[in-house]
Amino acid sequence: MSTIIDVSHVSKTFGGVVANKNISLTVEKGAITGLIGPNGSGKTTLFNSIVGYHPIDAGSIKYEGREISAMLVPEIARLGLLRTFQQTRIYGAMNCVENMLISMPHRKMRFLDAFRRNSRQDRERAEHLLEFVGLYEKRLLRSGSLSFGQQKLLEFAMALMNEPTVLLLDEPTAGINPTLINGLIDRLIKANTEFGITLLIIEHNMRVIMNMAETIYCLAHGELLAAGTAEEIQNNQSVIDAYLGAH
Amino acid sequence: MTMAQKKWLFYALIIAFTLFAPFIFPAFRTQLATLWLMIIVAVTWDMTGGQMGYNSLGNIFFYGTGMYVAAVVTIGLVYDVGEYTGAAGGGKYAFTDAQYFTGLVLGTIAAGVFCALSALVLGYVLFGLRGPYFAIGTLGVAIAAGELVSNWDWVGGGQGIALPVFPGDFDSAKLFIYYLFAGTGVVLFIFVKWLYATRFGAAINAIRDDEEKAEAMGLHTLMYKLMTWAMSAFFVGVAGAISAFQLIHFEPLETAYQTINLGIFMVVCVLLGGKGTLWGPVIGAILFHIFKEVTWNYFLGWQWVALGALIVITVVYFQDGLMGWLQHRKPEWFGMRVEKRDRLAQEASE
């Protein structure tokens with residue numbers, strides 16, 4: 001396996017708040033990597049730094065060996081590095097199929113392709129992926145009328161439609177009905193094994209992340225606290241302390 | 001009759017009406033031409049305002065600029081523009097028929113192209129602004145342009161500029177201008193109908209619904225925004241050019257860069273008809289034009305009050321405009337599907 005994302009010594013402050021301090025981590029191509037930590041530990045800030053939402057103060061972020069820390073959000077997205085949002089973001093006024101079709105991989109399109117209509121194959125692919133996440137029945141409904149959990153599934157399907165190389169998922173199971181979570185875990189693993197998408201997942205649900213990720217990084221107070229396999233993290237005393245509030 | 005046949009019949013009737021309207025209502029030729037102008041500026045305003053979510057209050061800039069470009073090109077092809085405007089009609093500046101029509105064609109094309117290019121340049125700066133800031137920024141451009149042009153003697157300054165007169169009688173001039181506006185309007189409508197059905201249309205809708213998400217999905221958002229505004233500016237510029245030939249003489253502040261008249265009317269038309277719909281701006285423009293002509297003719301002195309009341313009522317009670325209101329009530333007419341449960345919940349909440 002080779003390293004696809006290489007975050008090295010990244011720091012980010014907002015005014016006096018140190019959100020990320022000297023963080024280094026790597027994501028291996030084709031793997032599932034987890035990122036955990038208590039609320040406010042800087043996970044989402046790190047995500048935002050990787051996908052270009054804000055400039056970083058120090059350090060470097062490399063994607064496939066290329067420095068991306070100075071690039072803009074859409075540029076990074078067009079490299080095949082995509083993220084989903086903690087608070088789902090879908091186009092609420094459009095139906096599910098339209099949401100899927102607008103998520104076509106624009107990096108693979110030529111200029112004039114924008115002036116075409118979507119082909120039957122595009123439509124079939126959109127419907128196939130909606131079926132994959134279990135939303136086929138709802139494909140023609142206005143996506144804003146779906147439940148939060150369903151919108152989350154739709155956002156995941158939209159990300160898959162974009163054919164990313166790496167997908168950064170910000171709390172994919174938050175707000176999802178516990179009985180649906182197992183199904184979602186299966187789909188995430190399938191996305192990784194069948195579609196070959198590298199995953200970096202922020203997750204609060206320990207059962208979920210421990211079952212999926214080969215490598216887990218734990219942040220606390222903006223710093224990297226521990227890194228290792230699920231088992232190593234579970235037995236790490238400082239991780240337990242961080243979650244239970246000891247300092 | 002199938003649905004498709006009905007559709008074609010409907011379009012055929014509209015085309016037929018467009019062609020024969022000036023003969024059915026010969027007394028209203030100028031009104032009908034102005035109606036098409038309203039439709040053009042409303043549909044183009046909706047391209048950015050309704051379909052892309054960028055409410056420009058400065059599209060009138062392209063109208064005024066289109067007028068001036070057309071005038072400068074038409075005159076400049078034959079005479080020195082500075083001398084021509086300096087004489088203010090005092091010199092002998094005749095135009096042959098050929099010179100008139102060459103100027104009309106080249107001037108109109110140049111107006112469209114120049115406006116499209118200036119939209120690209122302005123957009124590069126202004127699309128960094130969002131929401132009300134974009135609206136105010138674009139308004140600033142239009143007002144500033146009017147002031148600048150009114151102090152630019154080469155194009156006649158505050159006195160404005162005069163174009164050659166149509167080589168023919170008064171009635172055929174009216175008819176000619178009507179068909180220019182109507183032709184441009186029909187081409188524009190076919191163009192946007194096609195555009196909104198392509199991926200491009202979906203992309204600008206995505207920018208309207210959630211631009212940050214669109215960026216995160218890798219859309220070339222700035223490119224889409226610039227292209228949309230440029231296409232819109234092209235048609236407004238062409239409409240401005242035709243207006244220049246219609247009015248013959250125009251001046252910068254009240255006619256060309258008329259921010260509080262046409263600059264606001266185009267927005268009201270779209271709000272009235274329904275933002276972000278294909279037919280909304282067209283229907284809105286027709287309703288608005290009728291409303292305006294009725295109040296301006298029969299309630300003179302109160303016309304601005306009536307217009308203000310119309311704007312307030314639209315904004316407070318019909319925020320989605322006529323088409324939006326219909327879409328909300330009868331979503332199945334627009335090919336949308338709503339779950340019965342949602343429909344019941346919606347009806348219960350009303």
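This report covers model confidence, a sheet in chain A and one loop residue in chain B.

**Confidence**

The model is predicted. Its scores are ipTM 0.85 and pTM 0.88. For chain B, the mean pLDDT is 89. In that chain, 94% of the residues reach 70 or more. The table gives the two extremes among the elements of chain B.

| Element of chain B | Residues | Mean pLDDT |
|---|---|---|
| helix α9, highest | 221-247 | 96 |
| helix α15, lowest | 340-349 | 55 |

Coordinates should not be read in detail where pLDDT is low. Helix α15 of chain B, with its mean pLDDT of 55, has the lowest value among the elements of that chain.

**The sheet in chain A**

Chain A holds an open sheet of four strands. Their order is β2-β1-β4-β5, and the pairing is antiparallel. Two strands of chain A form the edges: β2 (17-28) and β5 (66-67). Each of these pairs on one side only. Strands of a sheet pair through backbone hydrogen bonds. Strand β1 of chain A spans residues 3-14 and pairs with β2(A) over eight bridges, in the antiparallel sense. A:Thr3 stands opposite A:Glu28, which lies in β2(A).

**A loop residue in chain B**

B:Ile260 sits in the loop between α10 (252-256) and α11 (262-273) of chain B. Is this residue buried or exposed? B:Ile260 counts as exposed, because it has 11 C-beta neighbours inside 10 Å, and the cut-off for exposed is 12 or fewer. B:Leu57 is 203 residues away from B:Ile260 along the chain. The C-alpha atoms of the two are separated by 9.7 Å.

Notes:
Residues numbered from 1 in each chain as written. Chains lettered and ligands numbered in written order. Predicted model: local features only at pLDDT ≥ 70, side-chain atom pairs only at ≥ 80, totals over all residues. pLDDT = per-residue confidence, 0-100. Buried ≥ 20, exposed ≤ 12 C-beta atoms within 10 Å, placed from the backbone. Pairing = 2+ DSSP bridges.
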